[in-house]
Amino acid sequence: MTSTFQLKDIFDDSFYNLLCEKYNFNAEYKANISKEISNVFRDFIILILSENNSYSVEERNRLYNEAIYNLQHTSKLLKGMPHPASSMSYKLLKMSETLKKVTSGSKKEKSKANRFIEKNLIRKFILFWDTYNEKKFLSAENKINYNVCECFLDCSNKISSVYPEIEWFKSCEIEFVESIFENI
């Protein structure tokens with residue numbers, strides 16, 4: 001029989017109570033809220049932990065910088081050639097620009113270069129919020145409810161205290177979180 005990966009309990013009852021009180025979650029669904037909020041972050045945490053075991057951030061950035069050089073060089077070689085090579089040149093250049101944003105860009109640029117799994121995490125959190133809160137993520141006028149971002153930041157801080165090795169949660173600040181939600 002194969003053992004499965006078990007996550008630490010991140011959110012305790014006092015944290016759930018804080019969330020329900022601070023963000024006006026419907027208290028009658030407390031049992032569901034505690035289960036659902038853990039499920040929102042589960043896949044993301046597992047993926048990040050598996051990545052953390054393979055490379056440190058410095059090693060990852062070093063590899064990305066090497067890849068940037070090779071992508072740009074290859075893009076220059078293919079530039080101006082007949083289709084499909086010229087199309088591939090453009091795609092390689094865009095890939096190198098995305099890696100540059102991830103390794104050395106501003107927080108706003110990094111949030112625009114988020115990977116699918118990060119965007120998926122934000123989408124799951126929005127679905128969670130809209131299910132258990134009367135004040136939805138987007139109002140009827142298509143305005144963002146920034147309480148969602150604050151709640152996400154509170155959850156990130158809590159996760160960071162339980163998993164200090166996950167840099168992504170540790171580096172979350174309100175401006176970064178807001179820009180991620182704005183880009184969804």
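On the outward side of helix 6, Phe116, Leu127 and Thr131 are exposed, across from the buried residues. Exposed means over 50% relative accessible area, buried under 20%, and partly exposed in between, with a 1.4 Å probe and protein chains only. The model is predicted: local features need pLDDT of at least 70, side-chain atom pairs count only at pLDDT 80 or more, and totals for chains, interfaces and linings use all residues. Residues are numbered from 1 along each chain as its sequence is written, and side-chain values use heavy atoms, with hydrogens and water left out.

**Helix 6**

The buried residues of helix 6 are Glu118, Leu121, Ile122, Phe125, Ile126, Phe128, Trp129 and Tyr132. Viewed down the helix axis, these buried residues fall within an arc of 160°, so they line one face of helix 6. The arc is taken from the directions that run from the helix axis to the C-beta atoms. An α-helix has 3.6 residues a turn, so residues three or four places apart point the same way.

Helix 6 covers residues 116–132. Its 17 residues should span 24 Å at 1.5 Å a residue, and its end C-alpha atoms are 24 Å apart, which agrees. The expected span is 1.5 Å times one less than the number of residues.

**The fold as a whole**

The chain has nine helices and zero strands. From the N terminus on, the elements run α-α-α-α-α-α-α-α-α. Helices (H or I, at least four residues) and strands (E, at least two) are DSSP runs, numbered from the N terminus. Of the 184 residues in the chain, 35% are buried.

**Helix 7 and its cysteines**

Helix 7 takes in residues 147–162. For its 16 residues the expected span is 22 Å, and the end C-alpha atoms are 23 Å apart, which agrees. Its buried residues are Val148, Cys149, Cys151, Phe152, Leu153, Asp154, Cys155, Ser156, Ile159, Ser160 and Val162.

How many disulfides does a search of the whole structure find? It finds zero. A disulfide is a pair of cysteine sulfur atoms within 2.5 Å. The sulfur of Cys149 is 10.0 Å from the closest cysteine sulfur, in Cys151, too far for a bond. Cys151 is in no disulfide either; the nearest cysteine sulfur, that of Cys155, is 4.5 Å away. Cys149 is buried, with a relative accessible area of 0%. Cys151 is buried too, also with a relative accessible area of 0%.

**Backbone exceptions**

Most residues other than glycine have a negative phi, and most peptide bonds are trans. Two asparagines have a positive phi, as the table shows.

| Residue | Phi | Place | Relative accessible area |
|---|---|---|---|
| Asn24 | near 55° | loop between helix 1 (13–23) and helix 2 | 55%, exposed |
| Asn142 | about 60° | loop between helix 6 and helix 7 | 60%, exposed |

A cis peptide bond joins His83 and Pro84, with omega about 10°. Pro84 lies in the loop between helix 3 (57–78) and helix 4 (85–104).

**The second largest pocket**

The second largest pocket has a volume of about 210 Å³. On a 1 Å grid over the protein atoms alone, a pocket is an open set of points where a 1.4 Å probe fits, with protein on both sides within 12 Å along at least five of seven lines. Grid points are joined across faces, edges and corners, and the volume is the space filled by probe spheres set on the points.

The pocket is lined by 12 residues, and Leu7, Lys8, Asp9, Ser38 and Arg42 lie nearest its centre. A lining residue has an atom within 4 Å of a point. Helix 2 (residues 30–52) gives the largest share of the lining, four residues. By class, the lining has six nonpolar, three polar and three charged residues. Ala, Val, Leu, Ile, Met, Phe, Trp, Tyr, Cys and Pro count as nonpolar, Asp, Glu, Lys and Arg as charged, and the others, Gly among them, as polar.

**Pairs across the sequence**

Ile174 is found in helix 9 (residues 174–182). Ile174 is partly exposed, at 25% relative accessible area. Ile174 and Asp154 are 20 residues apart in sequence, and their C-alpha atoms are 9.8 Å apart.

Lys91 sits in helix 4. Lys91 counts as partly exposed, at 46% relative accessibility. The C-alpha atoms of Lys91 and Leu71 are separated by 9.4 Å, with the two residues 20 apart along the chain.
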